[in-house]
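Here's a quick briefing to read with the model open beside you. Have a look at the fold first, then come back for the details.

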Amino acid sequence: DSIRDLYQEVVFDHNRNPRNFRVMDDANRKIEGFNPLCGDRITLYVKVDAGVIEDVSFQGSGCAISTASASLMTEIVRGQTEAEAEHLFETFHRITTGQDGDAVNLEEIGKLAVLAGVRAYPARVKCATLAWHSLQAALKNEGETISTE
Ligand code: FES
Ligand code: FES
């Protein structure tokens, strides 16, 4: 179907050419996200100033879905306030758990909708949520290693 096609296209593109894939020297939050199911790790760098996510980048070698999801996330949350990012987490969680129903307008949330394709591959949800959970933890705690469990 078309959502699945779009999903595969975006995952392919962002995995091949990940955005914001770099070390950030002036980050004020850095966190290592870990997927216990496969052992993959990403390092997430965030620069927060006065409650605004000024910059976000990542490094690491995960699978295509985790890389694409991290790449998309960095594009989506840059420039957002921490409160806006928190709202996105909730939306993303509803999508990945299939609870979006009519409540989430997929058109409105744009690229995030692509991640809804994860529902077609439920076993890969932890790959798609790795970067998001890392960001959530980075905004709350500094410099911790987190598990996506
Ligand atoms: Fe659902 Fe985090 S996105 S538990
Ligand atoms: Fe490891 Fe996807 S298989 S993050």
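What follows covers the overall layout, two helices and how they cross, and a few backbone spots to check.

This is a predicted model. The protein chain has five helices and four strands, and going along the sequence they come in the order α-β-β-β-α-α-α-α-β.

**The chain as a whole**

- The protein chain runs to 149 residues, and 36% of them count as buried.
- Take the contacts in the protein chain with a separation of 6 or more: 61% of them join residues 24 or more positions apart.

**Helix α5**

- Helix α5 covers residues 125-140, which makes 16 residues.
- From first C-alpha to last, α5 reaches 22 Å, close to the 22 Å expected at 1.5 Å a residue.
- There's a kink in α5 all the same: about 30 degrees, centred on Ala131.
- Twelve of the 16 residues of α5 are buried, so the rest of the structure largely encloses this helix.
- The buried set in α5 is Cys127, Ala128, Thr129, Leu130, Ala131, Trp132, His133, Ser134, Leu135, Gln136, Ala137 and Ala138; the kink centre, Ala131, is one of them.
- Ala137, also in α5, counts as buried because it has 20 C-beta neighbours inside 10 Å, and 20 or more is what the label asks for.
- Ala137 and Lys30 are 107 residues apart along the chain, yet their C-alpha atoms are separated by 9.8 Å.

**Helix α2**

- Helix α2 spans residues 64-77.
- Its end C-alpha atoms are 20 Å apart, which agrees with the 20 Å that the 14 residues of α2 should span at 1.5 Å a residue.
- Twelve of the 14 residues of α2 are buried, so α2 is largely enclosed by the rest of the structure.
- Those buried residues are Ile65, Ser66, Thr67, Ala68, Ser69, Ala70, Ser71, Leu72, Met73, Thr74, Ile76 and Val77.
- Just after α2 comes Gly79, with a positive phi of about 90 degrees.

**Where α2 meets α5**

- The axes of α2 and α5 come within 7 Å and cross at roughly 40 degrees, which makes α2 oblique to α5.
- As for handedness, the crossing of α2 and α5 is right-handed.
- On the α2 side, the contact is made by Ile65, Ser66, Ser69, Ala70, Met73 and Val77.
- On the α5 side, it is made by Cys127, Ala128, Leu130, Ala131, Trp132 and Leu135.
- Ala131 therefore turns up twice, as the centre of the kink in α5 and as part of the contact with α2.
- A bit of background on spacing: an α-helix has 3.6 residues a turn, so residues three or four places apart point the same way.

**Positive phi outside glycine**

- Most residues other than glycine have a negative phi, which is the reason to pause at the next two.
- Asn20 has a phi near 55 degrees, a positive value in a residue other than glycine.
- You'll find Asn20 in the loop between α1 (2-16) and β1 (29-34).
- Is Asn20 buried or exposed? Neither quite fits: Asn20 is partly exposed, with 18 other C-beta atoms within 10 Å.
- Ala50 isn't a glycine either, and has a positive phi of about 50 degrees.
- Ala50 sits in the loop between β2 (41-49) and β3 (52-60).
- With 7 other C-beta atoms within 10 Å, Ala50 is exposed.

Methods:
Residues are numbered from 1 along each chain as its sequence is written. Chains are lettered from A and ligands numbered from 1 in the order in which they are written. This is a predicted model: local features need pLDDT of at least 70, side-chain atom pairs count only at pLDDT 80 or more; totals for chains, interfaces and linings use all residues. Helices (H or I, at least four residues) and strands (E, at least two) are DSSP runs, numbered from the N terminus. The expected span of a helix is 1.5 Å times one less than its number of residues. The bend at a residue is the angle between axes fitted to the seven residues ending there and the seven starting there. Axes are lines fitted to C-alpha atoms, for helices over the stretch in contact, and angles run from 0 to 180 degrees between N-to-C directions. Angles under 35 degrees count as roughly parallel, over 145 as roughly antiparallel, 65 to 115 as roughly perpendicular and the rest as oblique. A crossing is left-handed if the near helix is turned anticlockwise from the far one by less than a right angle, and right-handed if clockwise. Two residues are in contact if their C-beta atoms, placed from the backbone, lie within 7 Å.
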